[in-house]
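Here are a few short exercises to try with the model open on your screen. Have a go at each task before you read its solution.

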Amino acid sequence: MDTNINKTINAGLLAYGMSGTVFHAPFLQAHSGFNLKAIVERSHKNAVNDYPNITSYDSVDELLNDAEIELVVINTPNNLHYEHSKAALTKHKHVLVEKPFTATAAQAKELFELADSVGKQIFFYQNRRWDSDFTSVKKVIESGKLGKLNEMHLRYDRYRNVIGPKAFKENPVEASGLLYDLGPHLLDQVICLFGKPLSYHKILGKNRVGTLVDDYFSIQLSYPNSLYVFVTSSMLVVNPQAGFVLHGVNGSFIKQRTDIQEEQLLAGMKLTDPGYGIEPASKDGLLTTIDAEGHKTEETIPSEVGSYLPLFEAVYQAINNNKPYPVTREDVLIQLEIIES
């Protein structure tokens, strides 16, 4: 890891719920270039049990007024991302913002202008680019074994037939519903691979009894050279289908959505554990190719090792050495254009 350990960035988390405990704090703690200095905990003070040297603030304003904090992780409810990002930038902090970045492209552009005016950077927490399953799919595409791609399906399904307790996800407020919840993950993976589509068509559904927001979406994206990508997510799938299905002139590749990092971190596994990020061999992808004579060959493709630490390394290098961050503003604007259309 190419970091200058003598130039440490003080970081603060705006919440210590599931995303804070699983997706952010362990990585800020593990990366030698960051010092996890403070966390906002409005009610239960649990962070000190995991990080004894942490400062626990009662409010967002208290953390933002800490002059020593340079990077603020915006991991509050979706409808507060714009407000909290604006407040942090106004206090001259860099920000790392959970998905969805904002509810609208107009809000995003306003924050970009503010960041530029105060000389601070905005980073987008699109961690699924570093999932083991997605990096495996990306490697197969880049190998050229499939030939020219003609079709790709990405799915992210769950089975939750009841209305969840999180009001910001289940009530018709800004940036609520499944499209804003899982859409940014799937669309970012597509944009990472293929860029901006030529066109797209989106449908939304409401299937759970009593739901006030969408709990199903499907988006068809059209790309040059007759490549069509289908993105689908549902909260009522009892038997999940493959997360990635690719078809090309020379073959097909099928991969389950099987990144194990979230499950491992929830179970208390440390990033230093030798098994961290390694999927079971039974979850390997299946590559089927065909030659000019029509003979098929099946090959299991071992999964790449998953790790979100490179995302934090990219943030570190962007702040300290002005290196480009891999998730660009244009990527996020394309994503938001599709979501809010």
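**Exercise 1. Which residues have the most contacts inside the largest nonpolar core?**

Step 1: Get the terms straight. A nonpolar core is a set of buried Ala, Val, Leu, Ile, Met, Phe, Trp, Tyr and Cys residues joined through side-chain atoms within 4.5 Å. Buried means under 20% relative accessible area, exposed means over 50%, and partly exposed is in between (1.4 Å probe, protein chains only).

Step 2: Pick out the residues. The largest core has 61 residues, and Leu-63, Leu-71, Leu-96, Phe-101, Ile-122 and Val-315 have the most contacts inside it.

Step 3: See what feeds this core. Its largest share, eight residues, comes from helix 10 (residues 309–321). Helices (H or I, at least four residues) and strands (E, at least two) are DSSP runs, numbered from the N terminus.

Step 4: Look for a second core. Another one, of 35 residues, lies apart from the 61-residue core; among its members are Leu-149, Met-152, Ala-175 and Phe-253.

A note on the source: this is a predicted model, where local features need pLDDT of at least 70 and side-chain atom pairs count only at pLDDT 80 or more, while totals for chains, interfaces and linings use all residues. Residues are numbered from 1 along each chain as its sequence is written, and side-chain values use heavy atoms, with hydrogens and water left out.

**Exercise 2. Find what Leu-71 is in contact with, leaving aside its neighbours within four places in sequence.**

Step 1: Contact means heavy atoms within 4.5 Å.

Step 2: Go through the partners of Leu-71, which include Ile-9, Phe-34, Leu-96, Phe-123, Val-315 and Ile-319.

**Exercise 3. Why does the salt bridge of Lys-37 and Asp-66 tie parts together?**

Step 1: A salt bridge is a side-chain nitrogen of Lys or Arg within 4 Å of a carboxyl oxygen of Asp or Glu. A search of the whole structure turns up 19 of them.

Step 2: Check the distance: the closest N and O atoms of Lys-37 and Asp-66 are 2.6 Å apart.

Step 3: Place the partners. Lys-37 sits in strand 2 (residues 34–40) and Asp-66 in the loop between helix 3 (60–64) and strand 4 (71–74), so the pair ties together parts that are 29 residues apart in sequence.

Step 4: Check the cover. Lys-37 is buried at 15% relative accessibility, and Asp-66 is buried at 8%.

**Exercise 4. Are Arg-208 and Glu-170 buried or exposed?**

Step 1: The side chains of these two, Arg-208 and Glu-170, meet in a salt bridge (2.9 Å, N to O).

Step 2: Arg-208 lies in the loop between strand 8 (199–205) and strand 9 (216–223) and Glu-170 in helix 7 (residues 167–170), so this pair links parts that are 38 residues apart in sequence.

Step 3: Read off the values: Arg-208 is buried at 5% relative accessible area, and Glu-170 is buried at 9%.

**Exercise 5. What should helix 5 span, at 1.5 Å a residue?**

Step 1: The expected span is 1.5 Å times one less than the number of residues.

Step 2: Helix 5 (residues 105–118) has 14 residues, so it should span 20 Å; its end C-alpha atoms are 20 Å apart, which agrees.

Step 3: Find its buried residues, including Leu-111, Phe-112 and Val-118. Their cover includes helix 4 (81–90), strand 6 (122–125) and helix 11 (329–340).

Step 4: Look just after helix 5, where Gly-119 takes a positive phi of about 70°.
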